[in-house]
Every structure is written in structure tokens, then in C-alpha cells.
Amino acid sequence: MKRVIITAAVVTLAAAALVPPAQARQVVAEPGVEAEYVVLYTEGARPADAQQAIKAAGGSILKENAAVGVATVKTTNARFAEAVRDAASIDDIAHNRSIGSVPSARRGAAGRTVQARAVEKAGDGAPATSTFGGPAPAAEPLSELQWDMKQIHATVDGSYRHEQGDPGVLVGVIDTGVDGSHPDIAPNFNNRLSRNFTVDIPVDADGNEIDGPCEAEPDRSCNDPANVDENEHGTHVASSIASPVNGLGTSGVAPKVSIVNLRAGQDSGYFFLQPSIDALTYAGDVGIDVVNMSYYIDPWLFNCVDNPADSPADRQEQATIIKATQRALDYAHSKGVTLVSAAGNGATDYTKELVDASSPDFASVPGEAPYSRKIPPSCVSMPSEGKHVISVSSTGISKRKSYYSDYGNGYVDVSSPGGDVYDTADNRRDVTRATLAAYPKSVAEARGQLNPDGTPNVTNVVRSCKGAVCAYYVYLQGTSMASPRAAGVAALIVSKYGQRDRVHGGKKLHPAVVETVLKGTATRTPCPTPPAYTYTRHLPDGTTVTSTHTCEGSTPRNGFYGHGIVDALRAVR
């Protein structure tokens with residue numbers, strides 16, 4: 001996915017904007033470089049009034065989401081934010097980060113690991129081999145590598161015997177895109193409803209690469225088709241949910257439901273506000289049943305409205321992200337969408353004060369860089385801490401909470417296998433302890449991971465062939481991988497208990513019911529004994545790292561597992 005090069009141009013205004021008192025403050029327009037803002041309308045305000053206020057302050061609307069009252073605005077008025085802020089029809093305003101630059105610490109961020117900041121991949125070496133033996137009868141060829149599916153009983157002798165999903169149940173993957181041509185995704189891919197809400201950004205304002213050159217055929221456009229993933233992340237997520245049982249590679253939790261690509265992430269792994277809310281509202285409008293959100297909205301890992309370390313402008317930006325995202329979540333939920341999100345990979349307790357030094361990870365003004373902030377529990381990471389969202393932590397093969405997974409009693413709703421390469425007898429990494437799912441061949445080729453004969457030359461990539469058709473799969477770990485497995489169980493619940501949707505076809509089940517069944521059928525998992533659990537990792541470079549995480553709560557609900565580890569079989573039987 002490639003992006004349009006955005007350059008800053010100085011434009012002189014012919015005359016100062018005249019701002020009607022009823023619409024915006026009397027602020028004289030000052031010429032400056034072209035900038036973009038995300039503007040949040042006041043709830044209940046007439047869109048026409050907000051549009052007029054924006055125009056009067058010297059702004060032009062590039063994109064508007066009328067469902068939740070959010071617009072992306074372009075302006076050359078250096079005082080635009082000041083001019084429009086006090087209009088009765090405007091609630092909040094923030095810089096649109098997608099035209100900024102990556103701080104020096106984040107240069108070369110292409111391939112950033114989305115919500116799975118701590119995702120680890122295997123290094124170069126011999127192709128991975130199974131340590132589990134052969135597949136069960138009627139199982140997929142690589143099923144014995146899918147320990148994660150066994151953990152939640154999404155297997156041929158488990159949930160598949162009772163419910164494999166209904167093709168009319170739609171699961172939206174809000175991610176970096178989905179490779180709809182992958183042989184182990186294509187049978188369940190809904191191309192008609194899939195959409196791309198992003199525009200590729202080749203370089204930032206300083207000429208540093210973000211997503212790379214625009215390459216979408218046939219005209220090398222920066223608007224990628226809705227069946228493309230040039231990252232890998234979204235394809236892995238989609239496969240985990242719904243790869244079919246077709247005699248090839250792996251299978252997903254719900255192998256007969258339909259996947260809809262709702263791309264909101266850049267190739268580089270950044271997720272900005274406008275695409276995220278557009279994807280959520282679209283999901284509500286077209287009848288999506290479940291969405292998976294394995295990311296956080298950039299540039300703030302945590303959004304605070306009153307953090308003394310932040311400037312007034314940054315506080316306002318974070319308030320805008322919280323409000324706008326929650327409106328979109330509320331809208332989708334009200335339309336029957338079950339919302340599932342990754343808990344995060346910072347290895348921190350979200351219910352305690354912590355320190356974040358990673359934000360902002362994308363600059364909207366020159367010289368802006370991440371800085372250290374104390375984060376109280378009142379700050380929120382979006383969308384995982386939004387209302388109506390099911391937050392999912394990650395487990396390893398032994399069912400321990402993964403070493404990287406965020407946690408917190410009252411934050412985590414359920415847990416699900418996302419992998420832990422150090423969940424081994426000797427605490428040394430084993431790539432097969434990550435999770436295996438579909439991988440775009442084009443990405444493997446671009447990264448030089450295939451030999452001339454098509455066989456993988458790295459440890460974390462696996463090939464499966466059925467006749468002349470071959471497909472590729474990659475080992476990844478992260479709460480990004482745990483979340484889609486929970487979303488897959490949610491899709492099975494809709495398939496099993498949902499009623500026919502008279503508006504969109506397919507099936508429908510209220511999100512509150514889906515959440516109740518998901519939590520109620522999860523396997524209750526107590527805190528470890530003692531609850532202060534120490535992780536030891538012997539890294540490939542010879543160093544050893546230890547960390548201690550404390551689990552709070554009881555067996556029915558605690559900070560590591562929430563209501564328990566999701567179980568596909570119990571959910572449908």
C-alpha cells in the first residue's frame with residue numbers, strides 16, 4: 001500500500017476570514033503552512049452549523065463522518081484551531097497526525113508491530129518443523145502446529161463438530177488490510193463489503209519513509225485495493241478467525257464465517273483517528289456482527305485529558321481521540337456490532353500508575369518527539385479501554401499469561417492464546433510457541449524469505465501445498481493474536497444463537513448477549529501461586545531478562561485472565 005507524498009506549501013490568504021460571532025471566535029486568519037485537523041462536532045449540533053464554522057475559520061472539509069460528527073479539515077490559517085474552538089457547534093479539535101512526521105526515535109517504522117509492539121519473530125535459519133506429530137484425521141495439514149486452537153478446543157473433535165460458523169455472520173478485521181487472495185482466506189473473504197479507509201503515506205514531511213512508494217495498480221495509486229495487506233498483521237488476524245477447513249494449511253476458530261476487510265491501518269502499522277472511526281461506523285451500517293481491533297489509535301498509547309506533563313494542545317488532542325472514538329464505538333455497538341480488542345503488549349498493569357515514554361509516536365509539528373509521562377489509571381488507551389469493548393489478554397502454550405501481555409483486574413475481560421516464545425522448559429525461545437496463521441506470499445517475497453523454489457528460508461515461515469496450490473503461514477505472538485481468537489469464538493456464538501437479520505441478511509445477536517456467553521463459557525483460570533509471577537527469558541544474544549507481574553483478583557475474575565480463557569467448544573455446546 002503506497003501513499004501520496006504530502007508536501008507543505010505556504011499560501012498567502014487574500015484577506016482575513018470574517019468569522020460570524022455565532023459560529024466562531026473573532027480571530028484574524030494568519031497565513032501559514034497547510035495543515036490538517038480532525039474536528040469533532042458538538043453532539044446534537046446541526047452538521048450545517050459545524051460546516052459553516054469550519055469554513056468561516058478558513059478550513060475546507062476533506063472528509064466527514066456524519067454518523068458521529070467528525071471531519072478531517074485542511075487549512076492554511078495558522079490560527080484555525082483558535083478560531084473554530086469556541087463555536088457552539090464544535091466540541092473539540094486536534095491535529096491530524098497522518099500528515100506529520102515520525103520522531104527520530106521511530107524513523108524507519110515501516111513494519112511497526114501495531115498493537116503487538118512486543119511481537120517477536122523468529123530469526124533466519126532452517127524452516128520451522130513440527131514437534132507435535134501428524135494431524136488428526138480430517139484436520140488441516142498444519143493443525144498440529146496450532147496448539148492455540150487446541151487450548152480453546154477449536155478443533156475437528158471439539159467445536160467443529162458442533163458449530164463451524166455461518167457464512168452470513170460477518171467478522172470485520174480493522175487492521176492493516178487482509179490478503180483476500182490468500183488460498184486459505186479467499187473462500188471466506190467478502191470482497192463486496194470490504195473497504196480501505198486509509199491513503200498510503202510514502203514519506204513524511206522531512207522525506208523519511210513511512211509506507212513506501214505508491215504502487216497500487218494499474219496507475220500506481222496511493223489508494224490500495226480492499227483485498228491487499230502489505231504488512232502481514234491483518235492477514236494473520238483474519239486467518240486466525242476464519243481460515244476454512246479445506247485441506248490446506250491451518251484453520252481458524254470459525255472456519256465458515258465471512259471475513260470483511262475494514263482497513264484502518266497504514267502499511268507501516270500506524271492507526272489514525274479518522275480511518276478508525278470510519279471503519280467502526282461503516283461496520284455498524286453494513287451489518288458487521290463482530291469486529292477485531294488489534295491496535296491502539298496513534299499517536300498516544302494512553303490518552304490523558306489533564307496530565308501536567310502535556311501541553312494544552314496535546315491534552316485537547318487526547319480528549320478529542322477519546323470522545324470521537326467512543327462515539328464510534330457507541331454507534332457500532334448500537335447497530336449490533338460486538339467489539340473485541342487486544343489488551344496490549346506493554347507488560348504493564350493498566351489499573352496502576354505507570355510510566356509511558358513512547359508517546360507521541362508520530363509528530364504533527366516539527367521537533368515533536370516522545371517523552372516520559374506518568375500515566376494514572378484515569379488515562380485510557382483506545383479502543384481497548386472504550387465502553388462496550390471486550391479486552392483480551394494473551395496466554396502461552398502452558399496457559400500462563402504471556403510475558404508481554406498487559407493485564408489488570410477490571411481491565412482484562414477474557415484471555416486467549418496469543419503465543420509466548422519463552423513459555424518453554426528452559427526459558428529459551430522456541431518459535432513454535434508463537435501462533436501460526438496465513439502470511440501474504442508477496443510480503444514473504446519482498447522480505448527475501450523464500451528460496452528460488454518457493455520454500456521458506458527463515459524459521460518463522462511455513463509452506464503448505466495442496467496439489468499445485470501452495471500457501472504461506474507465519475508465526476507471530478502478541479495480544480494482537482489473542483484477540484482474533486476471542487473474536488472467532490464470538491462469531492461462533494452469533495452463528496449458534498443468533499436470529500435472522502431481516503435488514504442485512506445473515507444472523508444477528510445483541511452484543512451484550514454475545515459478551516455474556518463469551519465470558520460465561522470461558523474457562524475460569526486462577527491467579528498463579530504465588531500471585532507475583534516471575535518471568536525468566538534467556539535471550540538469543542546470551543543475556544537473561546527477568547520481570548515480575550502480580551495477578552490480583554479471584555478465580556471468577558482476575559487481572560491476568562479476566563473471566564477466563566475463551567473456549568469455543570463450551571461456547572457452542
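What share of the contacts in the chain with a separation of 6 or more comes from residues 24 or more positions apart? Residues 24 or more positions apart account for 75% of these contacts, a contact being heavy atoms within 4.5 Å.

The model is predicted, with local features needing pLDDT of at least 70 and side-chain atom pairs pLDDT 80 or more, while totals for chains, interfaces and linings use all residues. Residues are numbered from 1 along each chain as its sequence is written, and side-chain values use heavy atoms, without hydrogens and water.

**Exercise 1. Describe the largest nonpolar core and the part that α8 plays in it.**

Step 1. A nonpolar core is a set of buried Ala, Val, Leu, Ile, Met, Phe, Trp, Tyr and Cys residues joined through side-chain atoms within 4.5 Å. Buried means under 20% relative accessible area, exposed over 50% and partly exposed in between, with a 1.4 Å probe and protein chains only. Of the 573 residues in the chain, 60% are buried.

Step 2. The largest core holds 61 residues, and Ile241, Val253, Val257, Ile259 and Val489 have the most contacts inside it. Elements that each supply at least two residues include β5 (170-174), α4 (233-242), β16 (469-476) and α8 (479-497). Helices (H or I, at least four residues) and strands (E, at least two) are DSSP runs, numbered from the N terminus; the chain has 10 helices and 20 strands.

Step 3. α8 gives the most to this core, with nine residues. Neighbours within four places in sequence aside, Val489 touches Ile152, Val253, Leu518, Val566, Asp567, Ala568 and Ala571. A second, separate core has 36 residues, among them Leu193, Phe271, Tyr295 and Ile297.

**Exercise 2. Characterise the packing of α4 against α8.**

Step 1. Two packed helices are described by the angle between their axes and the distance between the axes. Here the axes of α4 and α8 come within 8 Å and cross at roughly 35 degrees. Axes are lines fitted to C-alpha atoms, for helices over the stretch in contact, and angles run from 0 to 180 degrees between N-to-C directions.

Step 2. The crossing of α4 and α8 is right-handed, the near helix being turned clockwise from the far one by less than a right angle.

Step 3. From α4, His233, His236, Val237, Ser240 and Ile241 meet Ser480, Met481, Pro484, Arg485, Ala487 and Gly488 of α8.

Step 4. In α4, 10 of the 10 residues are buried, so this helix is largely enclosed by the rest of the structure.

**Exercise 3. Classify two tyrosine pairs and place them in the chain.**

Step 1. Rings of Phe, Tyr and Trp (its six-membered ring) pair if their centres lie within 6.5 Å; planes under 30 degrees apart count as stacked, over 60 as edge-to-face and the rest as tilted. The whole structure has 14 aromatic pairs.

Step 2. The ring centres of Tyr350 and Tyr411 are 4.3 Å apart with planes at 15 degrees, so this pair is stacked. Tyr350 lies in the loop between β9 (338-342) and β10 (354-356), and Tyr411 in the loop between β12 and β13 (414-417), so the pair ties together parts 61 residues apart in sequence. Both Tyr350 and Tyr411 are buried.

Step 3. For Tyr403 and Tyr422 the centres are 5.7 Å apart and the planes at 75 degrees, so the pair is edge-to-face. Tyr403 is in the loop between β12 and β13 and Tyr422 in the loop between β13 and β14, 19 residues apart. Tyr403 and Tyr422 are both buried.
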